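User: I'd like to learn how to read a ligand site in a model. Could you walk me through one, step by step?

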Amino acid sequence: MDVSVGSSTADNTAAAEGQAFVWQRKHLLGLRELSAEELNHIFDTAESFKEVSQRSVKKAPPLRGKVVVNLFFEDSTRTRSSFSLAASRLSADVLDFTVKASSVSKGETLLDTARNLEAMGIDIIVIRHSAGGAPYMLSQSIDACVVNAGDGYHEHPTQGLLDIFTIRELRGSLKGLKVAIVGDIAHSRVARSNIWGLTTLGAEVFLVGPPTLMPSAVNQLPVTVCHNFDEIVGEMDVLNMLRVQFERIGSPMFPSVREYSRLFGLTEERMTRAKKDVLVMHPGPINRGLEIESEVADGPNSTILRQVTNGLAVRMAVLFLVNQAAAME
Ligand code: CP
């Protein structure tokens, strides 16, 4: 393979100082455990992979002969397609395992499912599951690399990575940036991965939303909590608007959709009080007119589709790095 892929300015600087960085994790389970050096190594690797998607033949060889399985127990548009494309662009064989049409419906356990897939010679399992900790459990029980594509309310590390990569691309550095994560924090694995990654890289994180949509141990997180969006909107460099996850909310957590939108929605009117160059982010899928107005989601400050584009390069980097770590074992 092209040895320049995966090397970076950061690596070269480290190498010049006699401390070449070597990625050693064969699983990506969350961002909480990653150092700033590891996060930047993923971003530098992703940067080098962006070029592959500009080629007329969008392929690079690093995962040739490897098999990547997408094992999604929850629905997905972006993450699943992005991992499939990322694996294909690295020349891996890709198995999109459809849980609804599998023997899981006959009662087969997650572990038996994974072990049977592993018996067919797979190298990387990308898993989304409603239970927090399911990717960790798999990583302890099988030999293949495990990549978390979202587990319960716990983490969605590649979403956090692509969000932070997008901010880094547009602002150069995370240090000192003020980032508001707004909305349904309680049910959001995206929020958790963002909090860990952003604070490790020196950003200041504000969680904004009604008390009913804050996680129970919010005071143990390295964040500032705010229940009045208008108080802080003008100071923020980034507004990351979260989807209200109605499918995970048992009983109503706010009086009405109109009330939620008025207090916590990113409206055109509220944008007039934001910084002119504020980055407006959303992980998708969007509830248009609830957490964000269409005019803002599709407006000049929006990075929503850039996030999706960057997700491909970030996931190529993650698949490449975990495979590299496995090869060193
Ligand atoms: N952002 C995200 O995880 O989207 P999907 O659920 O469509 O994968």
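User: Which atom of the ligand is 2.9 Å from an N or O atom in the side chain of histidine 156?

Analyst: Happy to help, and keep in mind that this is a predicted model. A polar contact is a pair of N or O atoms within 3.5 Å. Here, an oxygen atom of the ligand lies 2.9 Å from a side-chain N or O atom of histidine 156. The side chain of arginine 78 also has an N or O atom 2.9 Å from a ligand oxygen. At proline 283 the partner is a polar backbone atom, 2.9 Å from a nitrogen atom of the ligand. Overall, the protein covers 91% of the 250 Å² of accessible area that the ligand has on its own.

User: Which residues are around the ligand, and how many of the shell are polar?

Analyst: A residue counts as near if one of its heavy atoms lies within 4 Å. The ones around this ligand are Ser76, Thr77, Arg78, Thr79, Arg128, His156, Gln159, Pro283 and Gly284. By class, the shell has 6 polar, 2 charged and 1 nonpolar residues.

User: Where does the ligand sit relative to the pockets and the domains?

Analyst: It occupies the largest pocket. Domain 1 (10-152 + 309-328) and domain 2 (157-298) both contribute residues to the shell, so the ligand lies between them.

User: And how many cavities of 30 Å³ or more does the structure hold?

Analyst: A cavity, unlike an open pocket, is a space a 1.4 Å probe fits but cannot get out of. This structure has 1 of 30 Å³ or more, and the largest cavity holds about 50 Å³ of space. Its lining includes Arg78, Gln159 and Pro283.

Conventions: Residues are numbered from 1 along each chain as its sequence is written. This is a predicted model: local features need pLDDT of at least 70, side-chain atom pairs count only at pLDDT 80 or more; totals for chains, interfaces and linings use all residues. Side-chain values use heavy atoms; hydrogens and water are left out. A polar contact is a pair of N or O atoms within 3.5 Å; within protein, one must be able to donate a hydrogen and the other to accept it, and residues adjacent in sequence count only if both atoms are side-chain atoms. Accessible areas come from the Shrake-Rupley method with a 1.4 Å probe; for residues, only the protein chains shown count as cover. On a 1 Å grid over the protein atoms alone, a cavity is a set of points where a 1.4 Å probe fits but cannot get out, and a pocket is an open set with protein on both sides within 12 Å along at least five of seven lines; lining residues have an atom within 4 Å of a point. A molecule sits in a cavity or pocket if more than half of its atoms lie within 2 Å of its grid points. Ala, Val, Leu, Ile, Met, Phe, Trp, Tyr, Cys and Pro count as nonpolar, Asp, Glu, Lys and Arg as charged, and the others, Gly among them, as polar. Domain bounds come from an automatic or database domain assignment. Grid points are joined across faces, edges and corners, and a volume is the space filled by probe spheres set on the points.
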